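Subject: Handing over a structure, with notes

Dear colleague,

I am passing this structure on to you, and my notes on what was found in it follow directly below the display. Please read them with the structure open beside you.

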Amino acid sequence: MSVDNTNIVDLNIKKDERVLDFRDFQKQGIKFDIDKLQEAYNQIVQIKKFEDAGVTHFGAISLTQIPGDPDSVKGNKARGVYWTKPDKSGKEVTRDIKIDESQYSEFIKDYENTYFKEVYDTLSKNFKLGRVRILLKEPRSTLSWHRDPEPRLHIPIITNPGCLMVIDNVAKHMPADGSVWVTNNTKYHNAFNGGEENRIHLVACVLDYKFN
Ligand SMILES: [Fe+2]
């Protein structure tokens, strides 16, 4: 990737630090049908409500569960452990509970007749997946500044130009065009929706992806 850094004017940044590095956002060589993704989303919200997992302006619908265990996707299991720096001390704290992602190997039967099953089968052939969820970010809202245990795979389904993910000090909009991204959520990051419509992404935990 070539970057034109001649327009960067912040002279407080040393010359060799002026180039933005997007390597924590990696577009994959797989593409899905965005119309079918949106149709599948419309189908599942007819049959399932979002879990808020105790987080404001956030919702999750799990597409996978621990085999035979519907409770494995309820409550704060819709979220999972993360680390955040909540106050002026800058000290890191742990939030929520650790989840054994590798156990989430069963695609939930209620959604088997949607396009998400085909998407899940294709993704499973290419990645070692943990939980696969449909995540909602409400308008004019943000997550905490946090890091997660593993990288995450994103397929934007509904988005708007005011939806950005920030990793470290680099921000990127991921368009809803059927593309698949893997993002380095092991670094501190955030996602916000500055638009006036919901942001909907399919998000999967990826257990075998290495960033360098
Ligand atoms: Fe995260």
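Six strands form an open sheet in the order β1-β13-β10-β15-β7-β2, with antiparallel pairing, where strands (E, at least two residues) and helices (H or I, at least four) are DSSP runs numbered from the N terminus, and two strands pair if DSSP finds at least two bridges between them. At the edges are β1 (25-31) and β2 (58-62), each of which pairs on one side only, and from one strand to the next the twist averages 30°.

This is a predicted model, in which local features need pLDDT of at least 70 and side-chain atom pairs count only at pLDDT 80 or more, while totals for chains, interfaces and linings use all residues. Residues are numbered from 1 along each chain as its sequence is written.

The edge strand β2 pairs with β7 in the antiparallel sense over five bridges, and F58 stands opposite K137 in β7. Helix α2 packs on the sheet, touching β1, β7, β10 and β15, and its direction makes about 135° with that of β7; contact here requires C-beta atoms, placed from the backbone, within 7 Å, and angles run from 0 to 180 degrees between N-to-C directions, with axes being lines fitted to C-alpha atoms, for helices over the stretch in contact. The other helix, α1, lies across β2, β7, β10 and β15, running at about 85° to β10.

Helix α2 covers residues 115-126, and its buried residues are F116, V119, Y120 and L123. They lie on the same side of α2 because they cover an arc of only 100° around the axis, the arc being that of the directions from the helix axis to the C-beta atoms. On the other side of α2, D121 and K125 are exposed; a residue is buried if 20 or more other C-beta atoms lie within 10 Å of its own, and exposed if 12 or fewer do. The buried residues of α2 pack against α1 (34-47), β6 (106-107), β7 (129-137), β10 (152-158) and β15 (199-206).

The largest nonpolar core, a set of buried Ala, Val, Leu, Ile, Met, Phe, Trp, Tyr and Cys residues joined through C-beta atoms within 7 Å, has 30 residues, and those with the most contacts inside it are L123, L129, L153, L202 and A204. The largest share of this core, six residues, comes from β15. Leaving aside residues up to four places away in sequence, L123 of α2 touches L129, L153 and A204.

With best wishes

Note on methods. Expected span 1.5 Å × (residues − 1). Contact = placed C-beta atoms within 7 Å.
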